[in-house]
Amino acid sequence: MSHPLTRVLTLLELLQSNARLTGAELADRLKTDVRTVRRYTAHLRELGIPVEAERGRYGGYRLPAVTGCRPWSSPTTRPSPSSLACSQQNVSAWGTAAPASAGATAKIERVLPHALREPLAAMRETLSFTANAVL
């Protein structure tokens with residue numbers, strides 16, 4: 001995990017999956033120092049992600065519970081996540097990128113509104129692609 005962008009995205013994922021983490025915990029998981037964690041949280045704030053920080057002995061970083069990070073809350077229509085699910089199913093049929101594709105899909109579904117998650121789950125259970133199909 002040497003690229004800074006990778007660490008910023010990993011920081012976002014850590015904040016989404018944990019209620020609160022201290023700067024030292026984040027630095028340890030990202031294999032950086034606390035000062036770098038502060039810079040990465042500043043990058044997330046510049047992108048419009050509301051990272052909250054509390055100073056002091058019992059301080060830490062967290063995402064607000066109410067707003068969270070929902071990139072698909074309003075501008076996305078049903079076809080966008082559906083096309084992502086179809087793409088993931090297709091990639092899974094090829095076999096080589098299946099674990100990475102499944103992980104990416106899980107991350108995307110984590111931030112989708114509940115109304116869009118159910119149709120995706122139904123689509124994933126229904127669709128199947130084969131890599132050796134002859135046209």
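A charged surface patch here is a group of residues with over 30% relative accessible area and no salt bridge, in which like charges are joined within 9 Å. In this predicted model, Arg35, Arg38, Arg39 and Arg55 make up one such patch, and its sign is positive. One of the four, Arg38, sits in helix α3, which covers residues 34-46. Its relative accessibility comes out at 47%, so Arg38 counts as partly exposed; the label exposed is kept for values over 50%. That 47% still clears the patch cut-off, which asks for over 30%.

Just before that helix there is a backbone detail to look at. Lys31 lies in the loop that links α2 (23-30) to α3. Its phi is near 60 degrees, which is a positive value in a residue other than glycine. As for its surroundings, Lys31 has a relative accessible area of 71% and is therefore exposed.

Zooming out, the protein chain carries six helices and two strands. Along the sequence these elements run α-α-α-β-β-α-α-α, with the strands one after the other and three helices on either side. The chain has 135 residues, and 30% of them count as buried. The surface it exposes adds up to about 9,000 Å², with 57% of that coming from carbon and sulfur atoms.

How are the contacts spread along the sequence? Taking pairs of residues at least 6 apart, 55% of the contacts in the protein chain join residues at least 24 apart.

Note on methods. Residues numbered from 1 in each chain as written. Predicted model: local features only at pLDDT ≥ 70, side-chain atom pairs only at ≥ 80, totals over all residues. Heavy atoms only, no water. Buried < 20%, exposed > 50% of the residue type's maximum accessible area, 1.4 Å probe, protein only. Contact = heavy atoms within 4.5 Å. Areas by Shrake-Rupley, 256 points an atom, 1.4 Å probe, with all protein chains shown as cover. Patch = residues over 30% accessible without salt bridge, like charges linked within 9 Å, V, L, I, M, F, W, Y side chains within 5 Å. Salt bridge = Lys/Arg side-chain N within 4 Å of Asp/Glu carboxyl O. Lys, Arg positive; Asp, Glu negative; His and termini not counted. Charge placed at Lys NZ, Arg CZ, Asp CG, Glu CD.
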